[in-house]
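Grab your viewer and work through a few short exercises. Each one sets a task, then walks through a solution.

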Amino acid sequence: MKESARYAKIVEWSEEDQCYVGSSPGLFYGGCHGDDETAVFQDEVDVDTNPKIGSMWMFRGRQARVETLGNNEKRHLSGSIHWRTGQVFVTEGRPKQGRNTALFLAHLDELRRRLRRYRKIHVICDNAKFHLGEEVQAYLWDHRDRIELELLPAYSPDANPVERVWWLLREHV
């Protein structure tokens, strides 16, 4: 195992405790490991400017009219929600950038800038491929004194509160 790989930690489901637990003791109790540490839940989302077309009620023989902007501009966002305050931090990707390593690293830089008062930031995120790449591991190694990655179990969006933020965002776009 590479030296830098040990900075990504795993969070797993505990049958005994009936909750998600990880290898960072006290992460959620007592403010991580003190007042100088914090945790954020992180995730990415795609936002389309055209509405989602689905089933709806209408009179027989009549076609419903759906208003659209005419062109579908896709936006890619990386965001985090602070576990204690609920404050949301969002980084927008460049046009046609997609959800990738560059967007994730830009968001980590944004977190380091916006959360300067904390010595250590625990970023709790999913197992997306670009969260675990070599560029990310090198970044985490370079910033090991400020950022630590905590990984949620695969296919567990219910364990990530920022998913609810994305749900509300999509409802209002």
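**Exercise 1.** Is strand β4 (residues 74-82) largely enclosed by the rest of the structure or not, and why?

Before you start: this is a predicted model, where local features need pLDDT of at least 70 and side-chain atom pairs count only at pLDDT 80 or more, while totals for chains, interfaces and linings use all residues. Residues are numbered from 1 along each chain as its sequence is written, and side-chain values use heavy atoms, with hydrogens and water left out.

*Solution.* Step 1: take the strand from DSSP (strands are E runs of at least two residues, helices H or I runs of at least four, both numbered from the N terminus). Step 2: check burial (buried is under 20% relative accessible area, exposed over 50%, partly exposed in between; 1.4 Å probe, protein chains only). Seven of the nine residues in β4 are buried, so the strand is largely enclosed by the rest of the structure.

**Exercise 2.** Find the strands that pair with β4, given that pairing takes at least two DSSP bridges.

*Solution.* Step 1: on one side, strand β3 (residues 37-48) runs antiparallel to β4 over nine bridges; D48 has K74 as its bridge partner. Step 2: β4 also pairs with strand β5 (residues 88-92), again antiparallel, over five bridges. There, I81 is bridged to V88. Step 3: look at the turn. The β4-β5 hairpin has five residues between the strands, and G86 takes a positive phi near 80°.

**Exercise 3.** Map the nonpolar cores, meaning sets of buried Ala, Val, Leu, Ile, Met, Phe, Trp, Tyr and Cys residues joined through side-chain atoms within 4.5 Å.

*Solution.* Step 1: the largest core has 19 residues, and those with the most contacts inside it include F104, L108 and L115. Step 2: α1 (101-114), β6 (120-125), α2 (134-142) and β7 each give two or more residues to this core, with α1 supplying the largest share, four residues. Step 3: a second, separate core has eleven residues, among them F41, I81, I124 and V162. Step 4: back to L115. Skipping neighbours within four places in sequence, L115 is in contact (heavy atoms within 4.5 Å) with T38, V40, H82, F89, I121 and R146.

**Exercise 4.** Is S156 buried or exposed, and what does its side chain touch?

*Solution.* Step 1: locate S156 in the loop between β7 (147-151) and α3 (162-172). Step 2: its relative accessibility is 7%, so S156 counts as buried. Step 3: a polar atom of the S156 side chain lies 2.6 Å from the backbone oxygen of P153.

Definitions and conventions: Pairing = 2+ DSSP bridges. Polar contact = N/O pair within 3.5 Å; in protein donor to acceptor, adjacent residues only side chain to side chain.
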